[in-house]
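Got your viewer open and a selection box ready? Let's walk through this one stop by stop.

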Amino acid sequence: MLAPECASPIHVFGLIYSRYCVAECEHCGSSSGPHARGVMPMEYVVRSLDEVPAFGVDTVILTGGEPLAFLDEITQIARLAQERGLGIQICSNGFWAKTPEKALAVLLPLKELGLSLLMLSTDRFHTRFIPVESVTNAANAASYLGLSCQIAVPALARDWKAMSLMTRLRRETDATVFSHPIHPVGRGEKL
């Protein structure tokens with residue numbers, strides 16, 4: 001990468017480590033799923049982390065697919081980011097938080113490596129694969145650890161299931177819960 005010459009620096013860099021995901025939601029914008037293979041080579045990750053600060057980046061968002069399907073590698077990436085003074089945020093579906101104890105066990109080491117925000121996603125499509133309880137376990141573990149947590153509920157027009165799910169999440173967690181339209185990209189284009 002070349003050093004940028006822009007008046008307004010970019011503060012956040014999104015890194016898609018893999019398109020592999022434990023779910024295969026109908027609305028997935030990246031067309032991720034259990035059949036997607038491959039990960040970003042670690043030398044590309046290191047190069048990106050070395051170069052993005054020149055753009056004004058101070059935070060890396062790890063997303064995918066499902067980044068926490070690769071917990072050891074994501075932990076390594078978080079350590080590399082911390083060594084470079086970069087903060088970490090993670091976008092996840094929460095599949096890994098089957099119990100409150102498991103949720104804490106996953107998040108605590110990441111918090112120690114600079115995780116500042118956990119962004120979760122759930123909706124009528126996700127719940128076919130990941131129980132809402134896993135999402136609430138993840139959000140509540142984040143709250144317990146003092147991490148910011150947001151839960152996005154992508155929705156179709158007049159999606160009453162989304163409204164009901166948002167009400168439940170607001171009742172059962174301290175997370176910031178919001179909705180947004182399903183984006184017409186990837187598999188979401190068909191909706």
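The tour below goes from the whole fold to the sheet, then to the pocket, and ends at two single residues.

**Stop 1: the whole chain**

Keep in mind as you look around that this is a predicted model. Show everything as cartoon and colour by secondary structure: you should find five helices and six strands. Follow the chain from the N terminus and the elements come up as β-α-β-α-β-α-β-α-β-α-β. The radius of gyration is 17 Å, close to the 16 Å that the globule rule gives for 191 residues, so the protein is as compact as a globular protein of that length. If you like a box around things, the C-alpha atoms fill one of roughly 45 × 40 × 35 Å along the principal axes. Colour by accessibility next, and 47% of the 191 residues count as buried.

**Stop 2: the sheet**

Now hide the helices. What order do the strands take in the open sheet? Reading across, they go β1-β2-β3-β4-β5-β6, and the pairing is parallel. Select β1 (12–18) and β6 to see the edges: each has a single partner strand, so one side of each is left without a neighbour in the sheet. Look along the sheet for its twist, too: neighbouring strands are turned by 25° against each other on average, ignoring direction.

**Stop 3: β3 and its two neighbours**

Select 87–92, which is β3. Five of its six residues are buried, so β3 is largely enclosed by the rest of the structure. On one flank, β2 and β3 pair in the parallel sense over four bridges. Pick T59 there and you'll see it standing opposite G87 in β3. With β4, the parallel pairing of β3 runs over five bridges. Click S92 and then look across to L120, its bridge partner in β4. While you have sticks on, remember that in a regular strand the side chains alternate between the two faces of the sheet.

**Stop 4: the largest pocket**

Switch on a surface and go to the largest pocket, with a volume of about 710 Å³. Which residues lie nearest its centre? Select G29, T63, G64, S121 and H126; they belong to a lining of 32 residues. By class, that lining has 14 nonpolar, 15 polar and three charged residues.

Bring the strands back into view here. β2 (59–64), β3 (87–92), β4 (115–121), β5 (148–155) and β6 (176–181) each supply at least two lining residues. The largest share comes from β5, with four residues.

**Stop 5: S31**

Next, zoom to the loop between β1 and α1 (42–51), where S31 sits. Check its backbone: S31 isn't a glycine, yet its phi is positive, at about 55°. Is S31 buried, partly exposed or exposed? At 27% relative accessibility, S31 counts as partly exposed, because buried would need a value under 20% and exposed one over 50%.

**Stop 6: T75**

Last selection: T75, in helix α2 (residues 71–83). T75 has 17% relative accessibility, so it counts as buried. To finish, draw a distance from the C-alpha atom of T75 to that of A36, 39 residues away along the chain; your viewer should give 21 Å.

Note on methods. Residues numbered from 1 in each chain as written. Predicted model: local features only at pLDDT ≥ 70, side-chain atom pairs only at ≥ 80, totals over all residues. Heavy atoms only, no water. 1 Å grid on protein atoms, 1.4 Å probe; cavity = no way out; pocket = protein on both sides within 12 Å on 5 of 7 lines; lining within 4 Å. Points joined across faces, edges and corners; volume = space filled by probe spheres on them. Nonpolar A, V, L, I, M, F, W, Y, C, P; charged D, E, K, R; others polar. Pairing = 2+ DSSP bridges. Axes fitted to C-alpha atoms, helices over the stretch in contact; angles between N-to-C directions. Rg over C-alpha atoms; globule rule 2.2 N^0.38 Å. Buried < 20%, exposed > 50% of the residue type's maximum accessible area, 1.4 Å probe, protein only.
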